[in-house]
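Hi everyone, thanks for coming. I'd like to walk you through one model today, so let's put it on the screen.

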Amino acid sequence: MAEPHDLTALEQAAAIARGELSSVELVGHQLTRVDALSDTVGAFVTVTPELAVEAARAADAVPAERRGPLHGVPTAIKDLTLTAGVLTTFGSAAFADFVPPIDADVVRFIRAAGLVSLGKTTTSELGCSLYSEGLVAPPARNPWGLGYTAGGSSGGAAAAVAAGLVPVAQGSDGGGSLRIPASLCGLVGYKPSRGLVSGGPLGFGAFGLPTNGPLGRTVADVAALLDVMAQPVPGEPYLPPAAPAGGYLAAAREAAPGRLRIGRFTTPMLADEPVHPDCVAAVDRAAGLLTAAGHEVVEVPAPLGPAAWPLFETVWYVLALSPVPPERERELLPLTRLLRSRGAAVGAGALMATLGELQAQVRLGAHRTAGCDLLLCPTLAAPQAPVGSFAALDPAEDFDRQRRFSPYCAIFNVTGEPSVSLPVGRTADGMPVGVLLTGRYGADATLIATAAQLEHGSGGWDHHPAIWRAVDSANVNTTSGVGESSP
């Protein structure tokens, strides 16, 4: 018999609607798993059990006619995301005691939809790196193999979902921060079109690179959470694309995008880096499944190449200049200090020229792939990376190694196009391998429908690592965990 955490987010909500579970019971069950496994996989920085139970009681009291598709379901909020009255460290010792007075817009929307947050998930310091190993929480580890990183900057969110601590989680993506952890942990990580999900109420849009988005085990769960997040907010710097009839969950459930022309490439874009055969094999498998579904898959050149890296790099340095109290700068990690020092050296003129040239590169890339409805490529250049393998390096080498490990994702932050990592492949020892499917700007419904179609063709992606069945942390260590349990 399935346990509550075996159910998808939509199945949990359906069980609540049928009266088989209450939100309070479900939250209690998931909190028990958080208590047992969170530190092992490095999922949470802060757990809020009292607030969660209070919110679950409130969810149970809402009349049935006012409940949405995810009502009463446990979730979690990334530690980069403002949450009123809850410790929010931004992954940094420099903010180890910071409690925001306001919520981010997405937090308001998640709460209003009746989801129940269990706390704040581990992230990289200020969101600067693709691994989540800071000073305020245990490192985010991959539940499929605890010696490997869960990625970043939404690494704790991925660890929480992949270990069955919550069925879906909020994350954000400025250069792959949802899609990288999803690829590593065998999940669906969705970066929406620019402007679709609010980044407010603070901030200026950060040149359009970062966006909030959902992370989950199935395309339908992710689409349902995207429906929750994608609410128009006055004053946002980017105009949101129009929502599809019936929402994104309807698109996922129909899984009928029509016949599409899909451009396939494996050439890395931000680095001249060899691509691991397992990553290429995952793209080949996805291409075969898409062809079998009736789509035309054609070889295309990569939209951009390594010449775009110095431009993106400069913008990333500037984005690292998040406000930090001067007296606490010394508490930042060496990599963060390096990025901030380089960002401080970028003048206004140089930044404007960089942004202009970056947009020129985007235009050229759009012309190269203009005949395609979707693009298919690897998510990463290698399937996995050990915990500590980046942080052990000199900070400059660390940053360059990250570029070589992830030479695909960030380009689609630059273009603003919707992009999703899907767990299509596996290594010989059972570790997940993701592929990246990217749509035209604003065509999120088409991308989600195609992702769901690919999920069905793959036989489903809701698979669970061996740690899924662990009942307490005493039964788990940080060197085991590779392999799969029964779905």
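**A strand and its neighbours, then some backbone angles**

Let's begin with a pair of residues: T46 has K120 in β3 as its bridge partner. Keep in mind, please, that this is a predicted model.

T46 brings us to strand β1, residues 44-47, which runs antiparallel to β3 and is joined to it by 3 bridges. And what about strand β2, residues 74-78? It pairs with β3 in the parallel sense, over 4 bridges. Here K120 turns up again, as the bridge partner of I77. To get from β2 to β3, the chain passes through helix α4, residues 105-112, and this β-α-β crossover is right-handed.

So how covered is β3, residues 116-121? Mostly: 5 of its 6 residues are buried.

Now for the backbone, which I suspect some of you will want to check. There is a cis peptide bond between G152 and S153, with omega at about 5°. S153 sits in the loop between β5 (145-149) and α5 (155-162). Another cis peptide bond joins G200 to P201, with omega about 10°. P201 is found in the loop between β7 (188-191) and β8 (211-216).

That β7 to β8 loop also holds F207. The phi of F207 is positive, near 60°, and the residue is not a glycine. Is F207 buried or exposed? F207 is partly exposed, at 24% relative accessible area.

Finally, F90, in the loop between β2 and α4, has a positive phi of about 55° without being a glycine. F90 is counted as buried because its relative accessible area is 15%, and the cut-off for buried is under 20%.

Definitions and conventions: Residues are numbered from 1 along each chain as its sequence is written. This is a predicted model: local features need pLDDT of at least 70, side-chain atom pairs count only at pLDDT 80 or more; totals for chains, interfaces and linings use all residues. Side-chain values use heavy atoms; hydrogens and water are left out. Buried means under 20% relative accessible area, exposed over 50%, partly exposed in between (1.4 Å probe, protein chains only). Helices (H or I, at least four residues) and strands (E, at least two) are DSSP runs, numbered from the N terminus. Two strands pair if DSSP finds at least two bridges between them. A crossover is right-handed if, with the strands pointing away from the viewer, the path from the first strand over the helix to the second runs clockwise.
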